[in-house]
Amino acid sequence: LTNQGQIVPVYVEGNAKFGPGAFIEFYGEALDTIYTDKNIYTLQVIRTSADRISSKSALPGKTVQPETSFEDTLVVNNQRVFANYAPGNDVWYDTSMLVYTTPQSWKFPFTLNGLVQPPKDATLDLVVWGVTARPQNPDHHLIVSINGVRVANQTFDGSIEKRITVTIPAAALRAGENTLELSLPADTGAPNDMIALDKFSITYQRSFQAVNGSLTFTSAGKAFKVTSLPDKNVIVYRLTNDGPVRLTNVQVQASGSTFTATFDGTNRAEKYVVTT
């Protein structure tokens, strides 16, 4: 298996001769370019031996307490519109917002899966563009709210990329559906105020709860316990600097109509992929 000319290690399940019931497994990643996110992997049949993914037992100790939460970041980066006037390197943006003399607001829904209860303070990282550039200073006035709670009130000037990083109080967050609201008060004195939403992210404490049969996380800990898995056939990978490692002896137990998977961790912050 190759990707952009580089060999990608694979895990092969089956007898000595590949046939019915056998399968090939690998860790694939999307591209992150201004043109596409599609990545192409090429599978070839050759006579030489292919690189294999290593396996490691991850049976957790009986007295080890699994971690209860990890820091996750939800990224909302909708590449809806191309702009040749972009002030930064990213030429795609989400939504254009324009006011003249009447204030206006725009709402952007987002979902926080597995939000710990009770919630803890989170961080909003918002990137917008100032589009209009008038003689007045400032050109732009932006009010930012999460679920109706104001978290930022910013003015800035010119055609620039503006990054706003603020704390979201725990009381403003909800498990599941939430709303980011961006408001332009139209009070700068300029003939108009035009701002483009580029992207935003929410960094928050999340429980180890799978969604749609999988969970990807980065954390350090002696053990992890992933809940809400729909099937007992659980696959776990640890992504190390030396490549992916397939974890074996994962402890899977029924929990009502779903399953939980418990497995050994490390003292280093590493990325894990859990899926069924």
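Visitor: Let's jump right in. Does Ile-195 count as buried or exposed?

Guide: This is a predicted model, by the way. Ile-195 sits in strand β16. The cut-off for buried is under 20% relative accessible area. Ile-195 has 0% relative accessibility, so Ile-195 counts as buried.

Visitor: Which residues does Ile-195 touch, leaving out those up to four places away in sequence?

Guide: Among them are Thr-95, Ser-96 and Met-97, and those three names also turn up in strand β9. The others are Val-128, Trp-129, Val-131, His-140, His-141, Leu-142, Phe-156 and Leu-184.

Visitor: Which residue of β16 is the bridge partner of Met-97?

Guide: Met-97 belongs to β9, which covers residues 95–99. β9 and β16 run antiparallel and are joined by 5 bridges. In that pairing, the partner of Met-97 is Ile-195.

Visitor: Along strand β9, which side chains point to one face and are buried?

Guide: In a regular strand, side chains alternate between the two faces of the sheet. In β9, Ser-96 and Leu-98 point to one face and are not buried. Pointing to the other face, and buried, are Thr-95, Met-97 and Val-99.

Visitor: Why is strand β11 described as largely enclosed by the rest of the structure?

Guide: β11 takes in residues 122–130. It pairs with β14, residues 161–168, through 8 bridges, and with β16, residues 193–206, through 8 bridges. Both pairings run antiparallel. β11 is called largely enclosed because the number of its 9 residues that are buried is 8.

Visitor: Which residue in β16 stands opposite Trp-129?

Guide: Trp-129 has a partner in β14 too, and that one is Glu-161. In β16, the residue opposite Trp-129 is Ala-196.

Visitor: How far apart in space are Ile-195 and Glu-161, C-alpha to C-alpha?

Guide: Along the sequence, 34 residues separate Ile-195 and Glu-161. In space, their C-alpha distance is 9.8 Å.

Visitor: On to Val-274. Which residue is 38 places from Val-274 in sequence and 4.6 Å away in space?

Guide: Val-274 lies in strand β23, residues 270–275. With 0% relative accessibility, Val-274 counts as buried. Its contacts include Gly-213, Leu-215, Phe-217, Ile-235 and Phe-263. The residue 38 places away, at 4.6 Å C-alpha to C-alpha, is Val-236.

Visitor: And Tyr-35: buried or exposed?

Guide: Tyr-35 is found in the loop between β4 (23–25) and β5 (54–57). The cut-off for exposed is over 50% relative accessible area. Tyr-35 reaches 74%, so Tyr-35 counts as exposed.

Visitor: How far is Tyr-35 from Thr-260?

Guide: Along the chain, Tyr-35 and Thr-260 are 225 residues apart. Between their C-alpha atoms, the separation is 39 Å.

Visitor: Zooming out, how many helices and strands does the protein have?

Guide: Strands β9, β11 and β16 have come up already. For the protein, the counts are 0 helices and 23 strands.

Visitor: What is the radius of gyration of the protein?

Guide: The C-alpha trace spans about 75 × 45 × 30 Å along its principal axes. A compact globule of 276 residues would have a radius of gyration near 19 Å. For this protein, the value is 23 Å.

Visitor: What share of contacts joins residues at least 24 apart?

Guide: The count takes in contacts between residues at least 6 apart in sequence. Of those, the share joining residues at least 24 apart is 73%.

Terms used
Residues are numbered from 1 along each chain as its sequence is written. This is a predicted model: local features need pLDDT of at least 70, side-chain atom pairs count only at pLDDT 80 or more; totals for chains, interfaces and linings use all residues. Side-chain values use heavy atoms; hydrogens and water are left out. Helices (H or I, at least four residues) and strands (E, at least two) are DSSP runs, numbered from the N terminus. Buried means under 20% relative accessible area, exposed over 50%, partly exposed in between (1.4 Å probe, protein chains only). The radius of gyration is taken over C-alpha atoms; the globule rule is 2.2 Å times the number of residues to the power 0.38. Contact means heavy atoms within 4.5 Å. Two strands pair if DSSP finds at least two bridges between them.
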